Amino acid sequence: MKKNSSNAMALAPNTSNKRETVCIFGTGDFGRALGHKMIQSGYPVVFGSRSTQTSSLIPKDAEVLSHAEAAQKAAIIVIAIQRQHYNFLTPLAEILHGKVLVDVSNNLKINQYPESNAEYLSQLVPGAKVVKAFNTVSAWALQSGALDASRQVFVCGDDMEAKQMVMDIVRALGLTPLDQGSLLAAQEIENYPLQLFPMWKFPIFLSLGLTAFFFFYSLIRNVIYPYVYEKEDFSFFIAISIPNKICPVLALVLLALVYLPGVLAAIIQLYRGTKYRRFPDWLDKWMLCRKQLGLVALAFASLHVLYTLVMPIRSFVRWRTSNQIISQVLKNSTESLNITYAWLSDSYLALGILGFFLFVLLGITSLPSVSNNVNWREFRFVQSKLGYLTLILCTAHTLVYGGNRFLSPSSYRWYLPNTYMLSLIIPCIVLVVKFVLILPCLDKPLTRIRQGWERNPQYSE
Ligand code: NAP
C-alpha cells in the first residue's frame, strides 16, 4: 500500500510530498469507495461517523472518529451523506466554520428541491466554503477502478481557493476536473446523473414512429394485398423481406433528416438577413441531436447490409431461382442476359457499397476519440462534404434500385407507391435545396451573414 501511495504521489501534479488529511462524513458505499481511492492516492483519510466502531468494510488505513473530532483533523470535509440527513450538521456549524465542505450528493428526481443540495448545504453551514464535486462518479467505479466512462468530475463553488483545493484532489485521484463556475451550477450538475440519454430521445422516438409506419405500410402492400387479390400467403415476409425494406428506408430518411435542419437554418438566416436572431426552439433541439440521428441511421444501414447478405440462403429466394431455371428447361429456351438490367443492378449495388462505406466513415469520425484528433475544418469537411456525398450516393442507390419501375402501374398497390419511393422524398428535397443554396447568388450573402454581416443591423454605429 505504501509503495502504491508513493507512486501515485510521484505522478500527481501536486508536488508537495505530504498530502493534507481529508475528512469524509459518512461510512456508506460512496464514502468508503472515495476514502479507499484517496488512501491509494496518498491522502490520509479520517471518517466522521455516527458510530466510531471500525468494520472490515472501512479502508484499513483510515481512522473513524465522531463527526466533531474528525472535522477538526482536516480542512476539507467530504459530505458523503444523503441530503435529507444534512440537518445533523447544524450543531457542528462552529467547527465547520472556514472549512471546505464537498457536496457529493445526488437526488432521485430532476429538480427535486427548489435549491440544489450544495446550496442547501451552504445555507445550513453559512461559515463553510461549499464545493460541489464527485456526484457523477459512482461508488462502484471508484472501488473497481472502472473509471473510463466517468473520468470527468464536474466541480463548482463560489470560493476559488476551495474549488482549487478540490480540483487538486480530483487530479490526484487520476480524474479530470471540469470547472463549471459558481455554486449556481450545482443544480445542473446534480441533474446530470438523472438524465436518461437526453440527446437520444428524439432520434429514438422518431425511428420508432417511422418503423411502425413503414412496417404497416409494407405489410399492407406486400402481405395483405397479395392475400386479398391472389390468395397468396406471404406472411413470412414479416421476418426478413419487410425488415429489409424498412431498414434502408429509415437509414436514408434519417440521414436526410441530419442535413435538413442545416438547410432550414440557412433559409431562415437568408430570410432574416442576420445570424444574430435565435432559431426556433425546435430547430435548435433538432440541430443538437444530429449526431444521434446519424448514428441511428447508420445502425439501420448496417442492418440492411446484414439482411441483404442472407438473401441468397432464404428458402423463398432459392425456390424462386430454381423455378425460373425449371421453367426455362421446360420451355427449352435460355433467357438472354438483359444488359440494361445488369447495368442497373451492378450500379445500384456499387452505389450502395460506396454509400455504406462513407456512412461508416462518418460514424467513425463522430467518435470523440477521433473527432478530438481532427481540427474544426477537418471535422466540417468530413461531416458536411463527405456527409452530403454519402446522402447523394445513398439516394442514387435507391433511385437506381427503382430503375424504370417508378412509372409502372404494377408498382402501385391500392394506389400506394413502393416503400423506397416514399423514402426518396425528404433526401431529394434536401439535395435540391442544398444545390440551390450553393448557387453563388445565395451562397455569397449566406457566407457574409455567417461572418457577421446584417442586412438591417439592429445596433447601428
Ligand atoms: P449510503 O450508503 O446510504 O450511506 C450514507 C451514509 O450516511 C451512511 O452510511 C451513514 O454513515 C450516514 N448517515 C445515514 N443516516 C444519517 C443520519 N441521519 N445522520 C448522519 N449520517 C447519516 O449512501 P451512499 O451511497 O454512500 O451515498 C452517500 C452520498 O453520496 C449521497 O448523497 C449520494 O447521493 C452520493 N453519491 C453516491 C454515489 C454512489 O454510487 N453510491 C455516487 C455519487 C454520489 P455513518 O453510519 O458512518 O454515520
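Entry 1, record and model. I began with the UniProt record, an unreviewed entry, and noted that it places the feature "transmembrane region" at residues 204–229, 249–271, 292–313, 347–365, 386–407 and 419–442. The coordinates I am reading these spans against are those of a predicted model.

I looked up two of these spans in the model. Residues 347–365 are 100% helix and 0% strand, with the end C-alpha atoms 27 Å apart, whereas residues 386–407 are 77% helix and 0% strand, with 32 Å between the end C-alpha atoms.

Entry 2, annotated domains. From the same unreviewed UniProt entry I took the annotation "domain: Ferric oxidoreductase", which covers residues 249–394. In the model I find that this span is 82% helix and 0% strand, and that its end C-alpha atoms lie 10 Å apart.

The record also carries the annotation "domain: Pyrroline-5-carboxylate reductase catalytic N-terminal", again from an unreviewed entry, for residues 21–107. Here I read 25% helix and 22% strand, with the end C-alpha atoms 28 Å apart.

Entry 3, domain assignment. I then turned to the domain assignment of the protein chain, which gives domain 1 as 22–194 and domain 2 as 198–330 + 338–451. Taken over C-alpha atoms, the centres of domain 1 and domain 2 are separated by 49 Å.

Entry 4, H14 and H16. I looked next at helix H14, residues 339–365, and helix H16, residues 376–402, whose axes are 8 Å apart and which pack at an angle of about 155°. Since angles over 145 degrees count as roughly antiparallel, I describe H14 as roughly antiparallel to H16. I noted the crossing of H14 and H16 as left-handed. Sorting the residues of this contact by class, I recorded 17 nonpolar, 8 polar and no charged residues.

Entry 5, H10 and H11. For helix H10, residues 241–272, and helix H11, residues 281–288, I found that the axes come within 9 Å and cross at roughly 140°. The two helices are therefore oblique to each other, and the crossing of H10 and H11 is left-handed. On the H10 side I listed Leu257, Leu260, Pro261, Leu264, Ala265 and Ile268, which meet Trp282, Leu283, Trp286 and Met287 in H11. The residues of this contact divide into 10 nonpolar, no polar and no charged.

Entry 6, H11 and H12. Following the chain onward, I asked at what angle H11 and helix H12, residues 290–309, pack. I read an angle of about 55°, with the axes of H11 and H12 4 Å apart, and H11 and H12 are therefore oblique to each other. I noted that Trp286, Met287 and Leu288 of H11 make this contact with Arg290, Gln292 and Leu293 of H12. By class, the contact of H11 with H12 has 4 nonpolar, 1 polar and 1 charged residues.

Going back over my lists for H11, I see that Trp286 and Met287 are named in the contact with H10 and are named again in the contact with H12.

How values were computed:
Residues numbered from 1 in each chain as written. Predicted model: local features only at pLDDT ≥ 70, side-chain atom pairs only at ≥ 80, totals over all residues. Heavy atoms only, no water. Axes fitted to C-alpha atoms, helices over the stretch in contact; angles between N-to-C directions. Parallel < 35°, antiparallel > 145°, perpendicular 65-115°, else oblique. Left-handed = near helix turned anticlockwise from the far one by under 90°. Contact = heavy atoms within 4.5 Å. Nonpolar A, V, L, I, M, F, W, Y, C, P; charged D, E, K, R; others polar. Domains from an automatic or database assignment. UniProt positions renumbered as here; feature names shortened; annotations may be inferred.
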